[in-house]
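Here's a quick tour of a small set of features in one model, starting with a helix and ending in the loops. Keep the viewer open while you read.

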Amino acid sequence: MKLNVIITGSTGMVGEGILHECLLHPDIEKILVINRHPCQVSNPKLSELIQNDFFDLTSIENQLVGYDACFYCLVLYLLK
């Protein structure tokens, strides 16, 4: 069974490791990374969205359809 996955925070230590494992796994067909900064990785399986506001995903919600799993590796800082 082929899987399509989303990874948030793939520029961090944990997210980057998950991204590399997903890129190597033969059952993962499509990967969407959603980051605040570009991940600097190029691969035919990989698509990337840059999203600065993770509290409001309405601008990208139609691009999140058709995925089987999400690895949420993003760290959100709440500054006052």
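How many residues does helix 1 have, and how far does helix 1 reach from its first C-alpha to its last? This is a predicted model, so read everything below as computed from it. Helix 1 runs over residues 13-24, which makes 12 residues, and its end-to-end C-alpha reach is 17 Å. That is close to the 16 Å expected at 1.5 Å a residue.

**Two sides of the helix**

Now colour helix 1 by burial. Gly15, Leu19, Cys22 and Leu23 are the buried ones. They sit on the same side of helix 1, because the arc they cover around the axis is only 100°. An α-helix has 3.6 residues a turn, so residues three or four places apart point the same way. Flip to the other side of helix 1 and you find Met13, Val14, Glu21 and Leu24, which are exposed.

And what covers the buried residues of helix 1? The cover includes strand 1 (3-8), strand 2 (28-35), strand 3 (46-50) and strand 4 (69-72).

**The sheet**

There is an open sheet of 4 strands, ordered 3-2-1-4 and paired in parallel. Strand 3 and strand 4 are the edge strands, each pairing on one side only. From one strand to the next, the twist averages 20°.

Going further in, strand 1 and strand 2 run parallel and are joined by 6 bridges. One pairing you can click on is Leu3, whose bridge partner in strand 2 is Ile28. Strand 1 has 5 of its 6 residues buried, so strand 1 is largely enclosed by the rest of the structure.

**Three residues to click on**

Here is how Asn35, Ile60 and Gln40 come out for accessibility.

| Residue | Relative accessible area | State |
|---|---|---|
| Asn35 | 1% | buried |
| Ile60 | 6% | buried |
| Gln40 | 70% | exposed |

Asn35 lies in strand 2. Which backbone nitrogen does the side chain of Asn35 reach? It's that of Ser10, at 2.8 Å. Leaving out residues up to four places away in sequence, Asn35 touches Thr8, Gly9, Ser10, Thr11, Glu48, Leu49, Ile50, Gln51 and Phe54. With a relative accessible area of 1%, Asn35 counts as buried because the cut-off for that is under 20%.

Ile60 belongs to the loop between strand 3 and strand 4, and Ile60 is buried at 6% relative accessible area. Its contacts, again not counting residues up to four places away in sequence, are Ile34, Leu49 and Gln51. Try the distance tool on Ile60 and Ile34: they are 26 residues apart in sequence, and C-alpha to C-alpha they are 9.8 Å apart in space.

Last stop is Gln40, in the loop between strand 2 and strand 3. Is Gln40 buried or exposed? Gln40 is exposed, at 70% relative accessible area. If you're checking backbone angles, note that Gln40 has a positive phi of about 65° although it is not a glycine.

Technical notes: Residues are numbered from 1 along each chain as its sequence is written. This is a predicted model: local features need pLDDT of at least 70, side-chain atom pairs count only at pLDDT 80 or more; totals for chains, interfaces and linings use all residues. Side-chain values use heavy atoms; hydrogens and water are left out. Helices (H or I, at least four residues) and strands (E, at least two) are DSSP runs, numbered from the N terminus. The expected span of a helix is 1.5 Å times one less than its number of residues. Buried means under 20% relative accessible area, exposed over 50%, partly exposed in between (1.4 Å probe, protein chains only). The arc is that of the directions from the helix axis to the C-beta atoms. Contact means heavy atoms within 4.5 Å. Two strands pair if DSSP finds at least two bridges between them. Axes are lines fitted to C-alpha atoms, for helices over the stretch in contact, and angles run from 0 to 180 degrees between N-to-C directions. A polar contact is a pair of N or O atoms within 3.5 Å; within protein, one must be able to donate a hydrogen and the other to accept it, and residues adjacent in sequence count only if both atoms are side-chain atoms.
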